Amino acid sequence: MQQYRLTESEYRFIKIIWDNQPMPSSQLVEMCKTAFDWKKSTTYTMLKRLCEKGVLKNHNSTVTALVTRAEVEKYQSDHIVNETFGGSLPSFIAAFMQDKKLTKEEAEKLKSLIDSYKE
C-alpha cells in the first residue's frame, strides 16, 4: 500500500486542495495566507513536499490531488489502530469511547454499521 501518512499541517493543507481542486497555485497561495498566515514560500515548500510524496500534482501551475480524502483517512486510521492498539479495533474503540456516551440513535447506527461488515 502506498504510504499516505500525513502530518497535521500536511493534512490541513491537502484539505484545502480537496475542497477546491483543480486550483491554480496562485489561488492556493492566497488561501494558505488567509487560513494559516503562511508566506508564499511556505506554501510552495509544502506543495513540493506533497508532490514528492505522490499525493499531489502541480502541472502548469494547476494543483490537484492524486489521492482521495477517503484513501488518506483509511490509511491514517489503519496506521493508528495497528501502531497504537496492536491492530485491535475493539481496543481502539474502547479507548476512544472511554469518557463518551452515545445517544440511542448513535448506538443503533454503529450497531448497523458493524453488522454490515460482519463476515
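T43 counts as buried, because its relative accessibility is 1%. That makes this residue a handy place to start a tour of the structure, which is a predicted model. T43 sits in helix α3. Which residues does T43 contact, leaving aside its neighbours within four places in sequence? The partners are F13, L28, V29, C32 and W38.

## Two pairs of helices

Packed helices come up twice in this tour, and a short reminder may help. The angle between the axes and the distance between the axes describe two packed helices.

T43 takes part in the meeting of α1 with α3. Helix α1 covers residues 8-20 and helix α3 covers residues 40-52. Their axes lie 11 Å apart, and the packing angle is about 95 degrees. Because angles of 65 to 115 degrees count as roughly perpendicular, α1 and α3 are described as roughly perpendicular to each other. On the α1 side, the residues that meet the other helix are S9, E10 and F13. On the α3 side, they are T43, M46, L47, R49 and L50. What mix of residues makes up the contact of α1 with α3? Four are nonpolar, two are polar and two are charged.

The second pair is α4, with residues 69-85, and α5, with residues 89-97. The axes of these two helices come within 9 Å and cross at roughly 90 degrees. That crossing makes α4 roughly perpendicular to α5. Here I80, V81 and F85 from α4 meet L89, S91, F92 and A95 from α5. The residues of this contact divide into six nonpolar, one polar and no charged.

## Salt bridges

Now for the charged side chains. Side chains of opposite charge can pair when their charged atoms come close. How many salt bridges does the structure hold? There are seven, and the table shows three of them.

| Salt bridge | Closest N and O atoms |
|---|---|
| D19 with R69 | 2.6 Å |
| K48 with E52 | 4.0 Å |
| D78 with K74 | 2.5 Å |

The salt bridge of D19 with R69 links distant parts of the chain, with D19 in helix α1 and R69 in helix α4, 50 residues apart. Are these two residues buried or exposed? D19 is exposed, since its relative accessible area is 55%. R69 counts as partly exposed, because its relative accessibility is 28%.

The other two pairs in the table each belong to one helix. K48 and E52 are separated by about one helical turn because they are four residues apart in helix α3. Both K48 and E52 are exposed.

In helix α4, D78 and K74 are also four residues apart, so about one helical turn separates them. D78 is partly exposed, as its relative accessible area of 30% shows. K74 counts as partly exposed too, at 47% relative accessibility.

Some charged residues join in a group. Which residues are linked with E10 in a network of salt bridges? The network links E10 with R49 and K53. Two of these names have come up before: E10 of α1 and R49 of α3 are among the residues that meet where α1 and α3 come into contact.

Technical notes:
Residues numbered from 1 in each chain as written. Predicted model: local features only at pLDDT ≥ 70, side-chain atom pairs only at ≥ 80, totals over all residues. Heavy atoms only, no water. Axes fitted to C-alpha atoms, helices over the stretch in contact; angles between N-to-C directions. Parallel < 35°, antiparallel > 145°, perpendicular 65-115°, else oblique. Contact = heavy atoms within 4.5 Å. Nonpolar A, V, L, I, M, F, W, Y, C, P; charged D, E, K, R; others polar. Salt bridge = Lys/Arg side-chain N within 4 Å of Asp/Glu carboxyl O. Buried < 20%, exposed > 50% of the residue type's maximum accessible area, 1.4 Å probe, protein only.
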